[in-house]
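Me: I would like to go through this model with you and ask how each label was earned. Could you set every value against its cut-off as we go?

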Amino acid sequence: MSPWSREFWRLALLLAMAGGMAALAGEPAWGLCAGLAVYLAWHLWQLRRLELWLAGRGKRLDDSRLDIWAEVAAQVLRIKRRSQKRKRRLSFILKQFLRSTAALPDGTVVLSADSRIVWFNQSAQRLLGLRAPQDNGQWVANLIRTPAFIRYLDRGNYDEAIEIVAAHDPERMLSLQIVPYGEDQRLLVIRDVTRERRLDQVRKDFVANASHELRTPLTVLSGYVETLLDEAEGEGDLAPWVVPLAAMREQTGRMEQLLADLLLLSRLDESPRAVLMRPVDLTLLLRRCCAEARRLAGEKVTIQAEIVDPLVLRGVEGELRSVFDNLLSNAVKYTPPGGTVHLEAGFVGEELQIAVTDTGIGIAPEHLPRLTERFYRVDGGRGRDQGGTGLGLAIVKHALQRHDAQLSIESRLGMGSRFLCRFPRDRVLAGSALSNCG
Ligand code: ADP
């Protein structure tokens, strides 16, 4: 018999007995009330026992298989056991997770919505000099005080990592990136990039030194080639050497250009931001670049320009000159005869935008993301034939970055290209009306 049927029969028997006895005294209703009161008192007592047992202060209730209270207690016990099992499994998973993150070579710091430290692993302790458990609950900007990190934390855009020097060990370079997750939680991932940066520096030093060392012998070589070519062109004994000497002059010229570009790139590489910024008359500079491009293009390509006048920018004149010389000479190089190159400089919203647009051969979309890599050429042979070093756009990108500006490239094969340089407004010292000089 189930506990519920047993309970029903128990109540029926109790009421029958109490009612029967009271009926003998002529008051069956009082008998039924007394029976119900006894029944209620008994259940209240059982409820009290259940409460004491749940609080851990009473005897077990689930051993009697006879009544519904034992049944309820058994159910509670089953739920309790299940939740204990789940708790054990979760704490096992958590222990495993903590052990594995503790073993990670990268530092990991869990941050709350208000940028306080919730948890960190051993690598974070080692890399950032954090102390457990004192630093838990601390505001992260109190412990990593580097201004670049505080700006990064406030900016809220964590697409890219930043690099800082470790405060407790100036020899160590750290890469820090925040990864948002869950509801307002953030993970700060710290990587030791000291070795990578050192290798980078070795590579940069090597390129800079090799380019520098090669310059002198090359100058001597090209000087002799030039002299010999002059003589050969003068109908003397050297006359048969005109063609090979002209080819040698062209190649030494290319090598000089290559070394000049490599040296410029390594200078740009030295610091991510240009230090010596001065007011640069950009209108004049752009007009000069256009004049140079016209000289290069001759009759082949038309150069048009629309430039805001006056336009004064805080920057390094030489670097800005390289940017627009490279963009314009590329546009001329890669535009077939009869085409047009258009330079436009003006404000769009808060930004100063300078665009070089051509009606040239265009670039297939798969090449666009790699164009600013060093020595990347869409068509190696063609680029070289045009006298390119493959470093032009790398120089453009670096020089722009040093001026807080960005380069974006739009192009369609056979339809021409548009190279857009976007400078933030705070770089501009003066800027007003538009002037045409095409
Ligand atoms: P290069 O010295 O070879 O011109 P750059 O770094 O200046 O090297 O340019 C990289 C490559 O991008 C070039 O080889 C060329 O294929 C492509 N490119 C650059 N500018 C243009 C342009 N305006 N139109 C078409 N292709 C271009």
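**The ligand and its surroundings**

Reply: Let's start at the ligand: one of its oxygen atoms is 2.8 Å from a polar backbone atom of L393. The protein also covers 97% of the 530 Å² of accessible area that the ligand has on its own, an area computed by the Shrake-Rupley method with a 1.4 Å probe, where for residues only the protein chains shown count as cover. Please keep in mind that this is a predicted model, in which local features need pLDDT of at least 70 and side-chain atom pairs count only at pLDDT 80 or more, while totals for chains, interfaces and linings use all residues. Residues are numbered from 1 along each chain as its sequence is written, and side-chain values use heavy atoms, with hydrogens and water left out.

Me: What makes the approach of L393 to the ligand a polar contact?

Reply: A polar contact is a pair of N or O atoms within 3.5 Å; within protein, one atom must be able to donate a hydrogen and the other to accept it, and residues adjacent in sequence count only if both atoms are side-chain atoms. The L393 distance of 2.8 Å is within that limit, so the label applies. D358 qualifies through its side chain, where an N or O atom is 2.9 Å from a nitrogen atom of the ligand. V378 contributes a backbone N or O atom, 3.3 Å from a ligand oxygen.

Me: Which residues come nearest to the ligand?

Reply: N330, D358, T389, G390 and L393 do, out of 20 residues around the ligand. A residue is called near if one of its heavy atoms lies within 4 Å of the molecule.

Me: How do you know how many of the shell residues are nonpolar, polar or charged?

Reply: Ala, Val, Leu, Ile, Met, Phe, Trp, Tyr, Cys and Pro count as nonpolar, Asp, Glu, Lys and Arg as charged, and the others, Gly among them, as polar. Sorted that way, the shell holds 10 nonpolar, seven polar and three charged residues.

Me: Which helices and strands each supply at least two residues of that shell?

Reply: They are α10 (317–333), α12 (392–401) and β12 (416–423). The largest share, three residues, belongs to α10. These elements are DSSP runs numbered from the N terminus: helices are H or I with at least four residues, strands E with at least two.

**Buried or exposed**

Me: Why is S211 called buried?

Reply: Buried means under 20% relative accessible area, exposed over 50%, and partly exposed in between (1.4 Å probe, protein chains only). S211 has 2%, which is under the buried cut-off, so the label fits. This serine lies in helix α7 (residues 194–233), and a polar atom of its side chain is 2.5 Å from the backbone oxygen of V207.

Me: What makes E183 exposed?

Reply: Its relative accessible area is 77%, over the exposed cut-off, so E183 earns the label. E183 lies in the loop between β4 (173–181) and β5 (185–192). Although E183 and S112 are 71 residues apart in sequence, their C-alpha atoms are 9.5 Å apart.

Me: And why is L174 called buried?

Reply: L174 has 1% relative accessible area, so it falls under the cut-off. L174 is found in strand β4, and its C-alpha is 5.6 Å from that of R191, 17 residues away along the chain.

**Backbone angles**

Me: Why is D404 called partly exposed?

Reply: Its 33% falls between the two cut-offs, so the middle label applies. D404 is in the loop between α12 and β11 (406–412), and its phi is near 60 degrees, a positive value in a residue other than glycine. S115 also has a positive phi, near 65 degrees. S115 is in the loop between β1 (107–111) and β2 (117–120) and, at 8% relative accessibility, counts as buried.

Me: Where does the cis peptide bond from D309 to P310 have its omega?

Reply: Omega is near 0 degrees there, and P310 lies in the loop between β7 (302–308) and β8 (311–315). The bond from A132 to P133 is cis as well, with omega near -5 degrees. P133 lies in the loop between α4 (122–128) and α5 (140–143).
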